[in-house]
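User: I am new to this structure and would like to learn how to read it. Could you walk me through it step by step?

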Amino acid sequence: MTFSADPEFSSITATIRLSGELDSGSAPQFEQVINDVASRDVSRLVLGMEELAYLSSAGLRCLVFAQQKMPAGVPIILTGLQPDVAETIRLTGFDRRVQIQGRADA
Amino acid sequence: MPDDPAGQAEDSVLIICQEGRTPGELHRALRSDGFQVEVLAAGELSPGAVLNAAPDIVMASASLGLQRLGMLEEHFAQRDAGERMPNIIVFAEDDSTALVDCVVGGFDYISPPFLPDLLRSRMSSCGDRFRLQALVGKMAAEASLRDYEQQLSIAREIQLGFLPDVLPALEGWQIATVFRPAKEVAGDFYDVFELFSGQGLGLVVADVCDKGIGAALFMAIFRTLLRHTAEQAGAQPPWRAEARPRKSGEPGPTGSAGAGLLLAAVAGTNRYMVRNHLRQGYFATVFFGILDLSSGELVYINGGHNPPVLVPAAGGYQLLQPTGPAVGMLADSTFTLGQSRLSPGDALLIYTDGVTEARDEQGEMFGMNRLLAVAGQLGRTAEQLTGLMDQAVRGHTGYAEQADDITMLFMTRH
């Protein structure tokens with residue numbers, strides 16, 4: 001499945017919609033998007049995960065990387081997680097570092 | 001590039017000449033030798049114009065200068081990944097200084113008079129030189145690839161040395177493992193070692209996020225920190241004497257000393273990694289259990305790892321859920337202890353996500369259900385269960401490429 005990460009910016013929020021599979025193959029692509037987002041002045045990062053079908057450990061590493069790159073105090077909100085993706089994040093304990101919500105547009 | 005150095009009828013030549021000049025003599029000589037010739041004026045040297053042409057040979061006027069020739073070379077080298085790199089030969093029109101510059105700059109050249117016989121001979125030797133250069137370049141690339149492969153195979157050997165040589169032979173217990181890296185080197189590892197003068201057994205299965213050489217380097221750090229701390233703390237028999245009768249559910253001496261050892265090893269490794277390596281973003285999911293070999297008590301820390309499966313002799317299963325986050329991921333992690341017990345006839349499977357996430361050719365994962373179906377078979381030895389699970393995973397994946405490291409460790413009590 002082809003991975004895509006499309007960022008959108010509003011006044012204070014960056015929203016990245018992820019689709020496909022985030023694994024070691026697509027991780028560099030996502031990291032590039034994160035670098036771009038981190039260089040802008042946003043005070044909230046939303047990752048829309050409705051279409052994200054799979055998150056590997058290398059993919060999770062990207063989320064950790066995103067959290068490190070964003071300035072302290074910028075919340076990261078994950079929305080619309082599919083069950084397997086939510087389980088990967090829960091198992092590794094990264095759910096304590098991000099906010100998890102049901103839907104991207106909520 | 002055809003092998004015939006003198007060129008064949010279908011060989012095409014792109015002549016790039018100085019603005020306002022026509023290379024009449026050169027053009028005629030090439031045509032009479034059977035080349036297909038196109039002529040482009042230097043001023044037309046826009047990216048689009050060159051993109052359309054795919055000549056076997058480019059003859060460029062020396063008056064273009066080294067910089068434009070370099071750009072031309074770059075352009076062809078990038079297109080089709082350099083598969084159809086033409087031989088670029090410069091020719092002098094009337095400016096011999098420019099020709100000298102180009103020749104010093106490494107370009108092959110031809111010079112007037114452009115008579116068919118002379119030209120054919122010159123082009124033949126230009127072709128030879130070109131092919132020789134290409135061959136040398138290819139050999140250098142192959143040599144560096146061989147060197148890289150050799151380095152990787154050394155890395156693999158060293159890494160395999162980080163796994164236990166032999167698994168301890170224990171009375172009443174059996175251990176068996178499978179370790180299959182997705183690449184030459186892995187981010188997964190397992191470890192089995194005796195503690196407390198042989199009364200306890202340390203069991204570790206861990207997965208450093210990502211795979212390949214980066215993960216492998218961090219695997220070495222995680223493995224060393226965990227094992228070193230554990231061995232330091234677990235060198236002696238448990239010191240606490242059994243002064244009073246144990247309450248039910250209270251850990252025995254190995255369990256109690258094991259608890260301190262686990263916390264020291266896992267929390268200590270987390271602190272070390274966060275303090276020194278947080279920016280590099282490598283963390284590991286770690287299951288570290290200490291088994292009391294006489295009682296079967298198991299104390300463990302599960303740092304964000306796929307829950308190991310304990311299958312009691314009576315059937316059913318128990319998942320040993322995380323008791324803390326992945327190790328090296330967060331600065332303020334706290335880890336708590338989990339506790340369980342292996343009775344005779346029980347089996348324990350500790351594995352990495354490479355097992356459950358192994359895919360078949362359609363992309364379907366092996367998954368938890370298939371894993372439980374194999375692990376739940378009662379009355380088998382660790383050796384048998386490992387064989388069955390490996391067979392099931394291989395059967396599922398078929399010819400699909402292995403995407404992640406696969407590690408599993410079965411332990412059975414008999």
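Analyst: Happy to help; we will go from the make-up of one chain to its meeting with another. Please keep in mind that this is a predicted model.

User: Which secondary-structure elements does chain B have, and how many?

Analyst: A good start is to count helices and strands. Chain B has 15 strands and ten helices.

User: Why is chain B described as more spread out than a compact globule?

Analyst: Here we set the radius of gyration beside the value from the globule rule. For the 414 residues of chain B the rule gives 22 Å, but the radius of gyration is 34 Å, well over that, so the chain is more spread out than a compact globule. Along its principal axes, the C-alpha trace of chain B spans about 110 × 45 × 35 Å.

User: Into which domains is chain B divided?

Analyst: Domain 1 covers 12-140 and domain 2 covers 161-413. Their C-alpha centres in chain B are 64 Å apart.

User: What share of chain B counts as buried?

Analyst: For burial, we count the neighbours around each residue. In chain B, 38% of the 414 residues count as buried.

User: How many residues of chain A and chain B are in contact?

Analyst: For an interface, look at each side in turn. Chain A has 15 residues in contact with 17 residues of chain B. Helix H2 (residues 57-69) of chain A supplies the largest share of chain A's side, seven residues. By class, that side of chain A holds six polar, six nonpolar and three charged residues.

Methods: Residues numbered from 1 in each chain as written. Chains lettered and ligands numbered in written order. Predicted model: local features only at pLDDT ≥ 70, side-chain atom pairs only at ≥ 80, totals over all residues. Domains from an automatic or database assignment. Contact = placed C-beta atoms within 7 Å. Helix = DSSP H or I, 4+ residues; strand = E, 2+ residues; numbered from the N terminus. Nonpolar A, V, L, I, M, F, W, Y, C, P; charged D, E, K, R; others polar. Rg over C-alpha atoms; globule rule 2.2 N^0.38 Å. Buried ≥ 20, exposed ≤ 12 C-beta atoms within 10 Å, placed from the backbone.
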